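Biologist: Could you walk me through this model? I'd like to begin with the overall fold and then move on to some local details.

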Amino acid sequence: MNNRKLLPTTVVGSYPKPNWLRRLIREYEKGEISNKIMRRAYDDAVKAVVKEQELAGVDILWDGEMRRDEMISYFARRIEGFTIYGEVRVWGNNYYPKPAIIDELRYRDELAVSDYKFLRRITDHEIKIPITGPYTLVDWSFNEYYRTREEAVYALAEVINQELRRLADAGASYIQIDDPAIPTHPEEIEVAKNSIEIVTREVDAYIGIHICYGDYSKIYPEILEFNVDQIDLEFANRNFKDIGIFKDYEFTKDLGFGCVDVHTRRIESVEEIKDNIRKAFSIVKPERVYVDPDCGLKLLSSEVAFKKLRNMCQAAREIREELKG
Amino acid sequence: MSRIIPTVLGSYPRPPWFREYLRKVEGLQKEGGRVIDEATYAKAVGEVIREQRDAGIKLFTDGQLLWHDLLCHLATKIDGFEMNGLIRYFDNNLYYRIPRVKAKLERRRSIVVDEFRVAYSIEHEMKTVLTCFTLASLSEDEFYHDKSELVMDIAHIMNQEAKELVRNGAKYIQIDEPSLLYAEKEDMNVMKDAIEVIRRGVDAKFFLVTYFRDAERIFPEVLDFNVDVIGLDFVEGYEKNFELLREYDMDKEVQAGVVDGRTTKMEDKEQVKQKIRAIHDAVNGETLYVSPNTGLEFLPYIKASEKLKVLCNSVGDIQ
């Protein structure tokens, strides 16, 4: 996996859904259109979003999560043992349907294999598959069934591991475990670490872990012990203040470097993003840096998301040239 | 005569239709502006008050339906604050925008008085939530460089707000201070003075409420605070808080958080009843407020009233 170009550009996962797709989803939910038409609509949306990412210059891409409503309930609805009562707030006016564990957790439906296979057919680019980690899925769910959180996390880790093995068998080479909940309970970092051991067991692929928000000082350097190849973090949202946290210990993994803020509509200029990317080199050498936005782009308009990605890729390209220089 | 009064902490989940409404008028991003139609807001507040009343609650809140978090709702209306990036609110899957202190803090307009008026027109037994120490602690101070000065200036602002609330009918003011449970001893001295400032000239019953963990760090100093009711979390901090109650002679009333506001798992009524009885005995039969340990915004809308019913039914059986 180390034959990638210098400073590969990638996305964290989500991309804004086209307005026409949102409308179709609403109609589908009202029962006004068939499964078949909806499936085709999703396929078309993925094609459009893949094209956008390609035009923006992204090297390693994903399908923009067109088929996922969000990163928790989408998986919970496909795993035995979850139910969903309603939405709760994440911040401001952003809510998500928070699942509740009401029974033993078991593998039921595939989570991303067919999405991966479809994407493989329509792009030559390298593909990264984001899947929410068991620690975060449990932390962001209510637990009415298991005696302890730990038990719930490990049970779910087994389920996710099955999916990762299926993905690798299908040819997936790069899987990202989204685990933003890990810094929430630094005292449980062993549980999180064990969960990643289980999730990645016998999975032959490059594994990244994405952690956004939270206080990184509480999980560093412990996070270096996790069984992953890359750690992907946000830096732009808090104006790169967190960089200092990573200087005390040698950063021994690849670094996914969030260099574009997804929580503001402002489009960072190429020059600004170049300055941002260079900040990563104070943590690891350029050969270990992946360039991406802080987080998924779904809360932005497509236009803003595209411009941010385009400038980010241009910035990476220019630095790449300078480094070669 | 001793009484057990079921109450709520502060937040209540927004009714789903109101949540959608706010999403439309405010948007999803940091920049969201706000023009809320008062009649629409009043309808939503009416609903959450009715939910509380139907469950058996006797002392209400307006559900803090416009608050995005404990801090920004206050900070955006106080001159001197700017809002910064998002960060996790304690150990919750809930984020707040970090307020940044850029200049001397001043209150140039009322903060929650308009909301209070709407709620008060529906129900008079209404607690209003403010905070002081927690706002200071979770803010980034780029101006004062002295925490006690920052706390005291916020206290002055909250005092002005409390006065205006009382002029509009408020009888109960709750100061939410989850951060106080992480306070250093010298912070306790500052906060004691701050409470004096907040109360000055304000004729209302004051609640100082803590949650998310036990209150060991603030005892016994908090007993000298000039408040009428101390709120303790008997879900997260049950054993330790129970010890504190038995160890110290409380000359204040207690608001006990006895059901878990952060899980959809419903408590066994018998166990809640036992817990309330034990606490009631430990406070020598004084008036006892019982509530969920936290605000209810952590729950889906349909589960909030279910949780309150568990609480109120447990109380009903005791009295």
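Biologist: What radius of gyration does chain A have, and what would a compact globule have?
Modeller: Chain A has 19 Å, which agrees with the value near 20 Å for a compact globule of 325 residues; the radius is taken over C-alpha atoms, and the globule rule is 2.2 Å times the number of residues to the power 0.38. This is a predicted model, in which local features need pLDDT of at least 70 and side-chain atom pairs count only at pLDDT 80 or more, while totals for chains, interfaces and linings use all residues. Residues are numbered from 1 along each chain as its sequence is written, and chains are lettered from A and ligands numbered from 1 in the order in which they are written.

Biologist: How many helices and strands are in chain A?
Modeller: Chain A has nine helices and eleven strands, where helices (H or I, at least four residues) and strands (E, at least two) are DSSP runs numbered from the N terminus.

Biologist: And how many residues does each chain give to the contact?
Modeller: Chain B gives 29 residues and chain A gives 28 residues, with two residues in contact if their C-beta atoms, placed from the backbone, lie within 7 Å. On the side of chain B that touches chain A, the elements giving two or more residues are helix 1 (16-26), strand 2 (79-88), strand 3 (95-106) and helix 10 (301-318) of chain B.

Biologist: Switching topic, where are the cis peptide bonds to Pro221(A) and Pro220(B)?
Modeller: In chain A, the cis bond joins Tyr220(A) and Pro221(A), with omega about 10°, and Pro221(A) sits in the loop between strand 8 (206-211) and strand 9 (230-234). In chain B, the bond from Phe219(B) to Pro220(B) is cis with omega near 0°, and Pro220(B) belongs to the loop between strand 7 (205-209) and strand 8 (229-233).

Biologist: Is Gln64(B) buried or exposed?
Modeller: Gln64(B) is buried, because 24 other C-beta atoms lie within 10 Å; the cut-offs are 20 or more for buried, 12 or fewer for exposed and partly exposed in between, counting other C-beta atoms, placed from the backbone, within 10 Å of the residue's own. Its phi is near 50°, a positive value in a residue other than glycine, and Gln64(B) lies in the loop between helix 2 and helix 3 (72-75) of chain B.

Biologist: What about Asn239(A), buried or exposed?
Modeller: Asn239(A) counts as exposed, with 12 C-beta neighbours inside 10 Å, and has a positive phi of about 55° although it is not a glycine.
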